[in-house]
Amino acid sequence: MLSIKAHKSAFIDIINSMCGIFGFVSKNNIKAVPIILDGLKRLEYRGYDSAGIAATTVRGVFSRKKSGRILELEKILNKNVESSSAIGHTRWATHGAPTDKNSHPHSSCDKKIYLAHNGIIENFRDLKDKLIRNNHKFSSDTDTEVVAHLVEDFMNDKATSFEEAVRLSLKSIVGTYAFTIIYADHPGKIIVARNSSPLLIGLGDEIKFVASDASAILPHTRNVVYLEDGEFAILTKNDFRIANLDRKAIERSHEKIEWSPDAVKKNNFPHFMLKEIYEEPEAVENAIRGRLVIRDGLAKLGGLETVEKDLRNINRLIITACGTAYLAGQIGEYMIEESGGISAEIEYASELRYKKNSLNAKTALLAISQSGETADTLGALKEIKRKGILTLGVVNVIGSSIARETQAGVYNHAGPEIGVASTKAFVSQLTVMALITLFLGRQRGMSLIAGRKIAEELQALPEKMKKVLTRAGDIKKIAKRYHKFNNFLFLGRKYNYPVALEGALKLKEISYIHAEGYGAGEMKHGPIAMISKDFPSIFIAPSDSMYEKTVNNIQEIKARNGPVIAVATEGNKEISKLVDDVIYIPKTIEMLTPILSVMPLHLFAYYVGVFRGHDVDKPRNLAKSVTVE
Ligand code: M6R
């Protein structure tokens, strides 16, 4: 999509894993530990089961690894280790429990080759058996370790160079990977490789970096080179060379990342999640910047221009995504069905591939993903694309796999989202869905007046969102009162039904409280049985076409002594007489209401998580980019 070149890799219908990889090559020996730790801490949101480091030194490779958070690793590290090439890894466990021995980097028998890996080596059992027959001794349960021994094996047996041994090893592997590899006898050198797991090279003046994503590199440089699938690169003190696995040299110039280094800092906020909720108005501003022609009631989406004619011909849009992005897609489905003039349907990316979809030339697929790396979404996208269907993306991370794989799309420009719980990306995705609705609608029957109204309301949103943030103190007080309850029901209708689902998802993720989202109308068909004085409900009840019916549902809960918090439109005094607590949001048009109504729910989940003493930026068992199926 946009300026990103077509992605050339073949379809790989397999899983890969999350984890964060970071490394550097420097012209001189420098203190490696603080640099690697800083990089790893910025990538910790990708996984935090264990962490490790390896650095070439004058006395061979220095390596330490530890289960648990990066802080645990930090405690056992000598900060004075000097090195000109070092790698680090933060793990989200797949093969092998999150123990010290399974942490990366892994090494060869002679302790000269060390590597960190993100991905899954599918044929690792076969490789391991062969290597054991060649007397290799393994010290972990991971799939990754085989590759360190494989490189060593090629170097032992065939007297091949380090580079050639890595290339031959990569050719022997079936699976997905991003690798960083160092060799004790070649200080000042890192070999990196990519296949379906993200990896980029950062070009500083004295130091070159490698990382799973740009957030770790940004404090050092904004000039990056993206590695493509099936490529490896050799980084030395003086240069870097990229080649494919058949040794064909590849020339690639660098790109400039637009994100500011400040975007990956907490600044004065206690958590990234809170900072990112406070960035929600800015995320909407960035999503609409330069994209609204108010006078003509139009959305100008440069990323869709190349397929504008194809879009005129489609009559059905399948939207696919996971988690919070799915919920943004569900609201997008309502928007497009109601105002975009075509039929829209949302599908979980993790299910889409298993359905027999009757697709035709008038169908397009839209994948939504903050990270652009979610394996389920990428897998669904590749499967549908293989059937010849036009594929579009709404993606935040520029140059990510989904951005590359789609034929056209719209970037969110929300800036990096570090908190594992998605917040500002959600409102940004909703904004882009509204822009796409306007774009499609105005290609079809939507009137100038209707288009202008949507454009004007979009433009007015950031100020209204800032007003919601001024109520954070009240929301915090409400969260304090309710944080000890162990069950919550979130209820809404139409556009605010997916908002109810998002409120419940966020509360589950951050506070580990059982929370369910339901369509308010469905509540009486079952969930109402759970209601008691100990089971609060949160109603999203703005003054829209659904209001009267939603109020009936509130009455039903109150009649059964259930505590109720309502998110309602400013000026609605009546509702405060019905419910226990009200959080007010400004008025906007119905299809944009979710962008305002979700903000109190994000704040509520955040404060409840904090009051319950959780690490809200890194909730247990989760990782930011879910690159496993
Ligand atoms: O990067 P993506 O938008 O593709 O991620 C999709 C989901 O994994 C993500 O939204 C997840 O549900 C969040 N943790 C929700 O807060």
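How many residues apart are Glu164 and Arg167 in helix H5? I opened the notebook with this pair, working throughout on a predicted model.

**Entry 1: a pair in helix H5**

I located Glu164 and Arg167 in helix H5 (residues 162-172) and found them 3 residues apart, so they are separated by about one helical turn. I then looked at their side chains, which meet in a salt bridge at 2.8 Å, N to O. I recorded both Glu164 and Arg167 as buried. I followed the pair outward and noted that Glu164, Arg167 and Arg247 are linked in a network of salt bridges. As background, I wrote down that side chains of opposite charge can pair when their charged atoms come close.

**Entry 2: other salt bridges**

I looked up the total and obtained 38 salt bridges. I chose two further examples to inspect.

The side chains of Asp38 and Arg42 form a salt bridge at 3.1 Å, N to O. I placed both residues in helix H1 (residues 32-43), where they are 4 residues apart, about one turn of the helix. Is Asp38 buried or partly exposed? I found a relative accessibility of 26% for Asp38, so this residue counts as partly exposed. Arg42 has 18% relative accessibility and therefore counts as buried, because the limit for buried is under 20%.

I turned next to Glu405 and Lys385, whose side chains meet in a salt bridge at 3.2 Å, N to O. This pair links distant parts of the chain, with Glu405 in helix H13 (residues 401-405) and Lys385 in helix H12 (residues 375-386), 20 residues apart. I noted Glu405 as buried, with a relative accessible area of 6%. Lys385 is partly exposed, and its relative accessible area is 26%.

**Entry 3: two residues in domain 1**

I consulted the domain assignment, which divides the protein chain into domain 1 (20-264), domain 2 (266-468) and domain 3 (471-617).

I began with Ile36, which lies in helix H1. Its relative accessible area is 0%, and Ile36 is therefore buried. Which residues does Ile36 touch, not counting residues up to four places away in sequence? I listed Phe22, Gly23, Phe24, Ile53, Ala86, Ile87 and Gly88. I also compared the positions of Ile36 and Ile182, which are 146 residues apart in sequence and 14 Å apart in space, C-alpha to C-alpha.

I then examined Ser84, which is found in strand S4 (residues 82-91). Ser84 is buried, with a relative accessible area of 2%. A polar atom of the Ser84 side chain lies 3.0 Å from the backbone nitrogen of Gly188. Not counting residues up to four places away in sequence, Ser84 touches several residues, among them Phe24, Asn28, Thr56, Pro187, Gly188 and Lys237.

**Entry 4: the nonpolar cores**

I asked which residues touch the most other members of the largest nonpolar core. Ile436 and Phe604 do so, in a core of 93 residues. I noted that this core draws at least three residues from each of domain 2 (266-468) and domain 3 (471-617). Leaving aside neighbours within four places in sequence, I found Ile436 in contact with Leu301, Leu304, Ile336, Leu366, Val394 and Val410. I also recorded a second, separate core of 36 residues, which includes Tyr48, Ala211, Leu218 and Ile418.

**Entry 5: where domain 2 meets domain 3**

I first noted the C-alpha centres of domain 2 and domain 3, which lie 25 Å apart. I then looked up the contacts and found 40 residues of domain 2 in contact with 34 residues of domain 3.

How much area do domain 2 and domain 3 bury between them? I entered about 3300 Å², with 71% of it on carbon and sulfur atoms. On the domain 2 side, Met273, Tyr334 and Val468 lose the most area to domain 3, together 20% of what that side buries.

I also looked at the polar side of this interface. I counted 2 salt bridges between domain 2 and domain 3, and 15 residue pairs in polar contact, both residues at pLDDT 80 or more. The elements that give two or more residues to the side of domain 2 touching domain 3 are helix H6 (272-278), helix H7 (280-288), helix H10 (323-340), helix H14 (424-443) and helix H15 (448-469). My last look-up was Glu570 and Lys467, whose side chains meet in a salt bridge at 3.2 Å, N to O.

Methods:
Residues numbered from 1 in each chain as written. Predicted model: local features only at pLDDT ≥ 70, side-chain atom pairs only at ≥ 80, totals over all residues. Heavy atoms only, no water. Core = buried A, V, L, I, M, F, W, Y, C linked by side-chain atoms within 4.5 Å. Buried < 20%, exposed > 50% of the residue type's maximum accessible area, 1.4 Å probe, protein only. Domains from an automatic or database assignment. Contact = heavy atoms within 4.5 Å. Buried area = accessible area lost by both parts, 1.4 Å probe. Salt bridge = Lys/Arg side-chain N within 4 Å of Asp/Glu carboxyl O. Polar contact = N/O pair within 3.5 Å; in protein donor to acceptor, adjacent residues only side chain to side chain.
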